[in-house]
Amino acid sequence: MIKLGILGTGGMALAHANAFNSIDGCKIVAACDIDSKRVNDFAAKHGIPEVYTDADEMLAQSDLDAVTIVTPDPFHHPLALKVIAAGKHILCEKPLALNHADALEMRDAAQKAGVINMVNFSYRNSSAIQKATELVAQGALGTIRHVHAYYHQSWLVHDYWGHWPTSPTWLWRLSKSHGSAGVINDIGIHILDFASMPLGSLASVHCRLKCFDKAEGNQIGEYKLDANDSAVITTEFTNGALGTIHTTRWAYPHKNSLRLDLYGDKASIEIDLNASSTELKINRILGRTAMEWETLDCGKTPTNFERFIKSIQTGVQDQPDFARGAEIQSVLDACHLSAENDKTIQIHS
Ligand SMILES: NC(=O)c1ccc[n+]([C@@H]2O[C@H](COP(=O)([O-])OP(=O)(O)OC[C@H]3O[C@@H](n4cnc5c(N)ncnc54)[C@H](O)[C@@H]3O)[C@@H](O)[C@H]2O)c1
């Protein structure tokens with residue numbers, strides 16, 4: 001039985017608890033949050049026997065094999081280094097860190113310690129993206145020339161996930177001093193991973209970031225609302241394809257929409273996770289004039305949670321690992337540099 005500890009018991013921790021509780025061979029035995037009411041409620045709800053309000057205490061006192069980190073972004077790096085130093089396998093929420101240098105430190109520490117390490121790029125749980133990656137590797141699309149991808153949310157203009165002006169879980173995401181680097185690091189990171197998974201790395205980016213007015217003086221309590229909430233990236237992939245990738249929190253009625261279109265010289269693929277996470281549309285050119293789209297059922301793929309547990313059981317590191325997390329972090333750093341200087345930035349991961 002793999003014994004897990006969970007660090008951070010806010011909104012996303014529910015998905016971790018539900019996922020790990022449904023996998024045979026593992027059990028969450030300890031929960032830790034700096035908010036004692038939240039962690040006690042969470043532990044009671046999920047039947048977790050040990051409760052802590054200090055990560056050091058949890059790591060020193062609990063008999064753990066692995067830890068999952070689900071705190072806000074600024075705590076990933078310091079907490080991950082402690083977890084790795086304690087010799088525990090580690091799953092960390094995205095973004096791995098606040099910058100590429102910190103992400104590299106985490107990657108190197110995990111590799112040196114020989115622990116299984118994964119970053120939760122959740123949309124890899126879609127079998128459609130796994131199948132698209134396979135098809136591209138087999139050459140089914142020929143040479144890909146053009147890519148279009150987006151990740152849209154709209155919680156700034158709709159209350160379906162709660163009233164953001166009164167919810168710390170949303171307010172910290174809007175505030176640089178609370179460790180947020182904006183929509184691009186929050187959900188743009190997912191679409192950057194998603195768009196480059198089938199095709200390979202990004203060679204360069206030109207990015208525009210914008211923070212729109214949202215409140216009186218753009219300040220609510222301790223939260224200064226200064227992090228970007230809309231981003232548009234034009235990119236060139238290492239294979240020479242051009243792409244546009246964009247993300248925003250203003251795209252009503254998109255609650256949580258990801259889309260990826262890949263256009264090759266032999267076929268095109270479109271994935272729309274709103275329509276299905278297990279199907280993709282493919283259009284094979286084959287000299288026809290008709291625009292015939294075929295829908296492929298891509299079956300099931302293991303979730304990141306299942307891959308993490310299996311990696312611990314087998315000792316074989318699966319993806320997405322910290323190296324991939326650090327690679328995507330280098331793209332994010334390049335996007336910020338590009339936006340600050342209004343110029344194209346070459347990516348060196
Ligand atoms: N993979 C995904 O699709 C996905 C989706 C949502 C959130 N996330 C990520 O999950 C992380 C958490 O997001 P959330 O929405 O749950 O945030 P949240 O604010 O709802 O919860 C974070 C919790 O961490 C606790 N915390 C803060 N510092 C801590 C520390 N040092 N030790 C222990 N606990 C601490 C807070 O008290 C809070 O309860 C973020 O990094 C976010 O980017 C990922």
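**Which domains does the shell around the ligand draw at least three residues from?** Both domain 1 (2–122) and domain 2 (123–302 + 312–346) supply at least three residues each. Keep in mind that this is a predicted model, where local features need pLDDT of at least 70, side-chain atom pairs count only at pLDDT 80 or more, and totals for chains, interfaces and linings use all residues. Residues are numbered from 1 along each chain as its sequence is written, and side-chain values use heavy atoms, with hydrogens and water left out.

**View 1: the ligand and its neighbours.** There are 23 residues around the ligand (each with a heavy atom within 4 Å of it). Asp33, Arg38, Asp73, Ser122 and Thr169 come closest.

**View 2: zooming in on polar contacts (pairs of N or O atoms within 3.5 Å).** A polar atom in the side chain of arginine 38 sits 2.5 Å from a ligand oxygen. Glycine 11 uses a backbone N or O atom instead, 3.0 Å from an oxygen of the ligand. Over at glutamate 93, a side-chain N or O atom is 2.9 Å from a ligand nitrogen. On its own the ligand would expose 850 Å², and the protein buries 88% of that (Shrake-Rupley method, 1.4 Å probe).

**View 3: where the two domains meet.** The bounds used here come from an automatic or database domain assignment. The C-alpha centres of domain 1 and domain 2 are 24 Å apart. Still, 32 residues of domain 1 are in contact with 29 residues of domain 2 (heavy atoms within 4.5 Å).

Technical notes
A polar contact is a pair of N or O atoms within 3.5 Å; within protein, one must be able to donate a hydrogen and the other to accept it, and residues adjacent in sequence count only if both atoms are side-chain atoms.
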